[in-house]
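Trainee: I would like a close look at one part of this model, the helix packing and the pockets beside it. Please take it step by step.

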Amino acid sequence: DLKKRGLAKIERVAKLGKTSRDQASSLLVVLYFREKRYAEAADQARQLSAKFPRNYLYRIETADALVSQATTTGKIKQDTDSAAEAYSIYQSLLRDKEVAGTSAHLKDLIHFKYGEALMKTGRNDLAVTEFLSAAKTQEADEKLVTMAHLYAAQALDADNKRGEAMDQYRLVLSRPDAYDARVQARKRLAQGR
């Protein structure tokens, strides 16, 4: 099959290549993720992260793959080693002053991605805190702030805190739109009436 042969070629370049090894490894992270081969995606991203410690994206990709690995069975397993490792990665990124200096809008993204990880693993109360931290980050991206409020509302809804969720949905409607955030907020507000 063509797809398998192409993947095998990229894997060979990632292992044996001289000039394109890192690019092939980066591509493998994406391809493994699409194939739901999360453990392999995490391993590739870990290797790249070790080789390029100042590139925070490889650490985020590692954490994303670990969270997906922890939640693949259809049942939330929030206390797995994979989820714990992902949480640890996000916490270290938030503490890492060297990484924070690489991008003006890094902290908002890390809080947001950490919130997503927590929400995917059923830790909605902690997810709300991270989403609201993303929204409050100085110089945060406007669209990310809108999405952070939407996700905070969804996490609050999941924790049966409907009143607080409604406040967050209303806040989404007062902000610049991002993707279909306002549509989702309107739907959720309409369901609360």
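Trainee: To begin with, how many helices and how many strands does the protein have?

Mentor: The model is a predicted one, and in it the protein has eleven helices and zero strands. Read from the N terminus, the order of elements is therefore α-α-α-α-α-α-α-α-α-α-α. The C-alpha trace spans about 60 × 40 × 30 Å along its principal axes.

Take the pair α3 and α4 to start. Helix α3 covers residues 38–51, and helix α4 covers residues 56–70. Their axes lie 8 Å apart and the packing angle is about 160°. Because angles over 145 degrees count as roughly antiparallel, α3 is roughly antiparallel to α4. The crossing of these two helices is left-handed. On the α3 side the contact uses Tyr38, Ala39, Ala41, Ala42, Ala45, Arg46, Leu48 and Ser49. Facing them in α4 are Tyr58, Arg59, Glu61, Thr62, Ala65, Leu66, Ser68 and Gln69. Sorted by class, the contact of α3 with α4 holds nine nonpolar, four polar and three charged residues.

Helix α4 also packs against α2, which runs over residues 21–34. The axes of α2 and α4 come within 11 Å and cross at roughly 20°. That angle makes α2 roughly parallel to α4, and the crossing is again described as left-handed. From α2 the contact takes Ser26, Val29 and Phe33, and from α4 it takes Tyr58, Glu61, Asp64, Ala65 and Ser68. The residues in this contact of α2 with α4 divide into four nonpolar, two polar and two charged. Tyr58, Glu61, Ala65 and Ser68 of α4 thus appear in the contact with α3 as well as in the contact with α2.

The pockets come next. The largest pocket encloses about 200 Å³ of space. Its lining draws two or more residues from each of α1 (2–16), α2 and α3. There are 13 lining residues, and Ala14, Lys15, Ser25, Gln44 and Gln47 lie nearest the centre of the pocket. By class, this lining has four nonpolar, three polar and six charged residues.

The second largest pocket has a volume of about 170 Å³. Asp1, Lys3, Lys4, Gly6, Leu7, Ile10, Leu31, Arg34, Glu35 and Arg37 form its lining. Helices α1 and α2 are the elements that give two or more residues to the lining of this second pocket. Helix α1 supplies the largest share of the lining, five residues. The classes in the lining of the second largest pocket are three nonpolar, one polar and six charged residues. Both α1 and α2 therefore help to line the largest pocket and the second largest one.

Further along the chain, another pair can be set beside α3 and α4. Helix α9 (residues 142–158) packs with helix α10 (residues 162–173) at an angle of about 160°, and the axes are 8 Å apart. This makes α9 roughly antiparallel to α10, and α9 passes α10 in a left-handed crossing. Helix α9 brings Thr146, His149, Leu150, Ala152, Ala153, Gln154, Leu156 and Asp157 to the contact. Helix α10 brings Arg162, Glu164, Ala165, Gln168, Tyr169, Leu171 and Val172. Counted by class, the contact of α9 with α10 has eight nonpolar, four polar and three charged residues.

Technical notes. Residues numbered from 1 in each chain as written. Predicted model: local features only at pLDDT ≥ 70, side-chain atom pairs only at ≥ 80, totals over all residues. Heavy atoms only, no water. 1 Å grid on protein atoms, 1.4 Å probe; cavity = no way out; pocket = protein on both sides within 12 Å on 5 of 7 lines; lining within 4 Å. Points joined across faces, edges and corners; volume = space filled by probe spheres on them. Helix = DSSP H or I, 4+ residues; strand = E, 2+ residues; numbered from the N terminus. Nonpolar A, V, L, I, M, F, W, Y, C, P; charged D, E, K, R; others polar. Axes fitted to C-alpha atoms, helices over the stretch in contact; angles between N-to-C directions. Parallel < 35°, antiparallel > 145°, perpendicular 65-115°, else oblique. Left-handed = near helix turned anticlockwise from the far one by under 90°. Contact = heavy atoms within 4.5 Å.
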